[in-house]
Amino acid sequence: MGRAFTYVILGGGVAAGYAALEFVRRRGDAAPGELCIISEEAVAPYERPALSKGYLLPEGACLFQSRIKECLRKTCAARLPGFHTCVGANDELLTTKWYKEQGIELVLGTKVISADVRRKTLLTATGETISYKTLIIATGARALKLQEFGIQGSDASNICYLRNIDDADKLVNAMKSCPGGNAVVIGGGYIGMECAAALVTNKIRVTMVFPEKHCMGRLFTEKIAEYYEDYYTSRGVTFVKGTVLTSFERDTTGKVTAVILKDGRHLPADMVVVGIGIRANTSLFEGQLVMSMENGGIKVNGQLQTSDSSVYAVGDVAAFPIKLFDGDIRRLEHVDSARRTARHAVASILEPSKTRDIDYLPFFYSRVFTLSWQFYGDNVGEVVHFGDFTSSSPRFGAYWVNKGRIAGAFLEGGSRDEYEAISVAVRRKAKVANMAELEKQGLAFAIQESQTEAPDCGLAVVGKPTYAWHATAGVVAAVSIAAIGYWYGRKRRRW
């Protein structure tokens, strides 16, 4: 028993949806048996970033409640709002209906338990064999669990993670069960920071615990982190840094009632949110495809092609060469990379002679409360901070200068043109003659660089991040804590 397809996309997250959309854009509707998406989740591909933003906010706070209700009528997933991936032409959402209309078969709620790259087959948990001619691996990554670090009692029902809709539903239910209660967030990275903001917006007291000296340790400088920690503190978040949890106190039902730290402190907890990193889902292909041991992903070339010519890898699972970093192999854990690599892989498959190697500018962003920042490039070299770190409407940033050139840039509170300017400065590896002058010029340095003709240095300015386009085209998908939190707060004051 089995089915055969020309193209199979394995995975149901952001990358899978964007790969499907790119296929349709380049080929039109798929013929029967041509393309399928296999996903463990029961819903069509969706924008995972929304899980830590609009999805966790009070339902009554949604500025686009009417749109979400309409989307609910179009889908069968409880509480699933309008953030299916890849808003297409005329803001069309890529729902199950869209996939059917394009001739793309969705094989949902299906776990693949083994893969045979040589035979080009996938075996599902139900015993079905699905064969392919070309495979796109978009399996993403999984959240690291406390059990993997030997933490006893970490299977309690009020311990939450956030990677998929089921996780988000559990987190929402946990918040509803303890209004005005205490939440302990383990981890000070992306998930920890965004979930803490959502918890506070839901009127829950939050304590964040992480071993590093400051939040967002992989990206932020100490000065940048200090600003965000002070802002979070003003919103009621408590930070406990430089220590880790060792165990839990639990009641007779097995629920966590307190988090016990290595330094001996006991933190009361009605719920616990864990965000301690992710691990790429590579297990199906280990021993069959070349892996990037340094990055923990499947190694691909500039066409996103693996060591087997019929298999491509995209998104969080792919470790690919970054031209800007002299071909250094990186595995990037961010939605923009997932979108871009997915689209590029499909271009490589369908039009190989016309598709150059990917030239991706690493890009990260986040939006919490009334704050919004973007980062481009690599945070290596000497740091130069600029701007106003004290204003209630902040606009500040930093450059990373390596070997006399801009290697990375960060900006909080910028306009679309200003974000574009810092991306150009990084893309061009703008030359820095004087560090003191760079600090004095600040953002003006990037703006001036963006307004000058690009030097002939072999670095083509191509492939802008998809974030700007998506934020415009998919307003429901991009619902932010900033806008909703502001609206919700004003409405509560009027009641």
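Begin by selecting glutamate 40 and lysine 111, which form a salt bridge whose closest N and O atoms are 3.7 Å apart; a salt bridge here is a side-chain nitrogen of Lys or Arg within 4 Å of a carboxyl oxygen of Asp or Glu. Glutamate 40 sits in the loop between β2 (35–38) and α2 (65–74), and lysine 111 in the loop between β3 (105–107) and β4 (112–116), so the pair ties together parts that are 71 residues apart in sequence. Helices (H or I, at least four residues) and strands (E, at least two) are DSSP runs, numbered from the N terminus. Glutamate 40 counts as exposed, at 55% relative accessibility, while lysine 111, at 43%, counts as partly exposed. Buried means under 20% relative accessible area, exposed means over 50%, and partly exposed lies in between (1.4 Å probe, protein chains only).

Before going further, note that this is a predicted model, in which local features need pLDDT of at least 70 and side-chain atom pairs count only at pLDDT 80 or more, whereas totals for chains, interfaces and linings use all residues. Residues are numbered from 1 along each chain as its sequence is written, and side-chain values use heavy atoms, with hydrogens and water left out.

**More salt bridges**

Next select glutamate 47 and arginine 339, a salt bridge with its closest N and O atoms 3.1 Å apart. This pair links distant parts of the chain, since glutamate 47 lies in the loop between β2 and α2 and arginine 339 in helix α7 (residues 335–350), 292 residues apart. Both glutamate 47 and arginine 339 are buried.

Now move to arginine 428 and glutamate 449, where the closest N and O atoms of the salt bridge are 3.5 Å apart. Arginine 428 is in the loop between α8 (416–427) and α9 (435–441), and glutamate 449 is in helix α10 (residues 443–451), so the pair ties together parts that are 21 residues apart in sequence. Arginine 428 is buried, with a relative accessible area of 9%, and glutamate 449 is buried too, with a relative accessible area of 17%. To see a network, select Glu22, Arg26, Arg343, Glu351 and Lys354, which are joined into one by salt bridges that share partners. The structure holds 26 salt bridges.

**A buried glutamate**

Select glutamate 229, which lies in helix α6 (residues 222–234) and is buried, with a relative accessible area of 7%. A polar atom of the glutamate 229 side chain lies 2.8 Å from the backbone nitrogen of cysteine 215. Leaving aside neighbours within four places in sequence, the residues in contact with glutamate 229 (heavy atoms within 4.5 Å) are Phe210, His214, Cys215, Phe239 and Lys241.

**The nonpolar cores**

The largest nonpolar core has 136 residues, of which Leu199, Phe220, Tyr228, Met271 and Phe285 touch the most other members. The largest share of this core, nine residues, comes from helix α1 (residues 14–27). A second, separate core of 19 residues includes Ile159, Ile186, Ala269 and Val272. A nonpolar core is a set of buried Ala, Val, Leu, Ile, Met, Phe, Trp, Tyr and Cys residues joined through side-chain atoms within 4.5 Å. Centre the view on methionine 271, whose contacts beyond four places in sequence include Asn158, Cys160, Leu171, Leu199 and Ile204.

**Two groups of strands**

Select strand β1 (residues 2–10) with strand β6 (residues 129–137): the two pair in the parallel sense over eight bridges, where pairing requires that DSSP finds at least two bridges between the strands. Within this pair, isoleucine 9 stands opposite isoleucine 136 in β6. β1 also runs parallel to β2, joined by four bridges, and the bridge partner of tyrosine 7 is leucine 35 in β2.

Finish at strand β20 (residues 318–322), where five of its five residues are buried. On one side of the selection, add strand β18 (residues 297–299), which pairs with β20 in the parallel sense over two bridges; isoleucine 298 has alanine 318 in β20 as its bridge partner. Then add strand β21 (residues 328–330), which pairs with β20 in the antiparallel sense over three bridges, with isoleucine 329 in β21 as the bridge partner of proline 321. β20 and β21 form a hairpin with five residues between them, and aspartate 326 in the turn has a positive phi of about 60°.

**Zooming out**

With the whole protein in view, the secondary structure comes to 12 helices and 26 strands, and 56% of the 495 residues count as buried.

Terms used
A polar contact is a pair of N or O atoms within 3.5 Å; within protein, one must be able to donate a hydrogen and the other to accept it, and residues adjacent in sequence count only if both atoms are side-chain atoms.
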